[in-house]
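Let's walk through this one together, starting with how the two copies sit against each other and then zooming in on one short helix.

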There are 2 protein chains.
Amino acid sequence: MATRTEARTAKERILDAAASLFARRGYYNANVDEIIQQSGTSKGSFYFHFPSKEQMALGLVDQLSDKLVRRLERSIEAESDPLKRILLAIDAVLLTFSKQRKLAQILIVNIVGQGKSMDRKFLPIRDKFAGLIKRELDGAVESGAIRPVDTNLVSRLWLGALSEMILRWLLQEKPRPLMESAPEVRDLLMNGVVMSRGGESW
Amino acid sequence: MATRTEARTAKERILDAAASLFARRGYYNANVDEIIQQSGTSKGSFYFHFPSKEQMALGLVDQLSDKLVRRLERSIEAESDPLKRILLAIDAVLLTFSKQRKLAQILIVNIVGQGKSMDRKFLPIRDKFAGLIKRELDGAVESGAIRPVDTNLVSRLWLGALSEMILRWLLQEKPRPLMESAPEVRDLLMNGVVMSRGGESW
DNA sequence: AGTAATGAACAGACTGGTCGGTCTAGTAAA
DNA sequence: TTTACTAGACCGACCAGTCTGTTCATTACT
């Protein structure tokens with residue numbers, strides 16, 4: 001357990017261990033000592049690579065969310081029909097998270113509730129996702145595939161709806177497979193924006 | 001500042017101060033010393049009335065959420081049309097939170113992300129709200145006002161959508177008034193479940 | 001009535017452990 | 001020798017929870 005030339009660099013191992021621990025116990029309950037222990041490194045190493053626990057957490061979440069955004073973009077880039085792009089993206093989100101609980105745990109759960117200052121810092125990250133949704137919705141509106149809704153609002157509603165659904169799946173002991181509800185989710189979300197009805201006044 | 005006979009009991013004052021502080025700084029950043037200072041009581045008093053910080057937080061959130069649920073139920077009890085009941089409830093949620101940021105901060109933000117054990121304990125609270133929505137949806141399905149959707153799923157999606165919307169409103173510096181988007185929110189949610197379209201396969 | 005005893009409610013100093021962060025001392029490669 | 005990196009002992013602040021009282025209202029007793 002000494003300075004062997006590992007396949008993965010110390011920095012990477014720290015990031016990995018931190019991801020696991022944040023996922024399992026949340027930001028405040030995952031302490032630096034555990035992180036370095038699980039990563040097989042040391043305090044010195046940790047604070048050589050990162051200025052603080054908070055900064056490293058921020059960076060980690062940033063990196064994970066970027067990776068997810070890119071993955072989603074890749075999963076729809078081949079499709080040109082705006083409506084189908086949206087459907088593909090929804091499926092990709094659910095599929096990715098259902099295969100990577102750890103990722104879900106961090107991006108869905110630990111990104112909120114760590115105190116107002118941290119929450120504020122995490123806001124841009126949710127913005128990334130909302131932005132992705134918004135762009136697709138805008139495309140669909142332009143092409144006339146869906147009605148001209150407030151895409152800013154809708155993107156947030158969708159983000160929240162999906163997050164809550166995933167959150168439940170994460171926190172329940174015997175959750176039904178995420179993908180099982182995918183078709184109905186698509187239905188419900190799409191029905192809200194699709195052309196059929198105009199601006200009803202309920 | 002001695003043992004004067006105050007209008008509010010010490011226990012109440014502690015709960016109030018805790019609510020304020022949790023709202024402003026989150027569970028982990030609001031320490032007991034601050035709570036007792038702001039409530040004008042003492043450590044002794046705190047630990048006389050509550051077994052621990054965690055238990056008191058749990059109790060507080062429980063109490064707040066109960067109060068909100070009752071308020072929502074009261075706001076729709078006069079209406080018998082299932083569809084209108086749902087619309088009333090949506091408005092009531094948005095209105096209540098927009099008038100009580102503190103409540104929103106606690107119930108929307110601080111109820112998630114405090115570590116897995118706490119998150120689990122908070123699950124039943126979100127269940128209360130989801131259950132309220134579900135009951136109304138069930139009523140609407142029965143009466144034929146909306147299509148027979150998976151009300152379990154839909155209630156969660158709605159809960160998430162509303163939460164996210166409120167979260168953004170809370171965390172932004174210059175948020176647009178919550179109620180401003182209420183009509184469009186109603187529209188989007190309702191369109192998802194209303195009779196117009198059957199089970200599309202997008 | 002007067003007063004002593006009891007216990008609930010409160011005050012606040014103190015403790016013990018935790019944990020982020022620092023510091024000194026390495027080690028390995030260039 | 002210098003530079004990049006790693007190790008781990010150590011520190012100091014913080015903070016939930018404890019402990020030793022004190023106050024005050026009620027009850028018990030004479």
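Two residues count as being in contact if their C-beta atoms, placed from the backbone, lie within 7 Å. Keep in mind that this is a predicted model, where local features need pLDDT of at least 70, side-chain atom pairs count only at pLDDT 80 or more, and totals for chains, interfaces and linings use all residues. Residues are numbered from 1 along each chain as its sequence is written, while chains are lettered from A and ligands numbered from 1 in the order in which they are written.

Now lay chain A on chain B: a turn of 180° with a shift of 0.0 Å along the axis does it, with an RMSD of 0.1 Å (a least-squares fit on the C-alpha atoms of residues with pLDDT of at least 70 in both copies). That's the relation of a two-fold axis. And 100% of the interface residues of chain A are also interface residues in chain B, so the copies meet through the same surface.

The contact takes 46 residues from chain A and 46 residues from chain B. On the side of chain A that touches chain B, helix 8 of chain A gives the largest share, twelve residues (helices are DSSP runs of H or I, at least four residues, numbered from the N terminus).

Next, helix 2 (residues 32-39) of chain A: Ile35(A), Ile36(A) and Ser39(A) are buried, meaning that 20 or more other C-beta atoms, placed from the backbone, lie within 10 Å of their own. The buried residues of helix 2 of chain A pack against helix 1 and helix 3 (43-49) of chain A. Right after helix 2 of chain A comes Gly40(A), with a positive phi near 70°.

How values were computed. Helices (H or I, at least four residues) and strands (E, at least two) are DSSP runs, numbered from the N terminus. A residue is buried if 20 or more other C-beta atoms lie within 10 Å of its own, exposed if 12 or fewer, and partly exposed in between; C-beta atoms are placed from the backbone.
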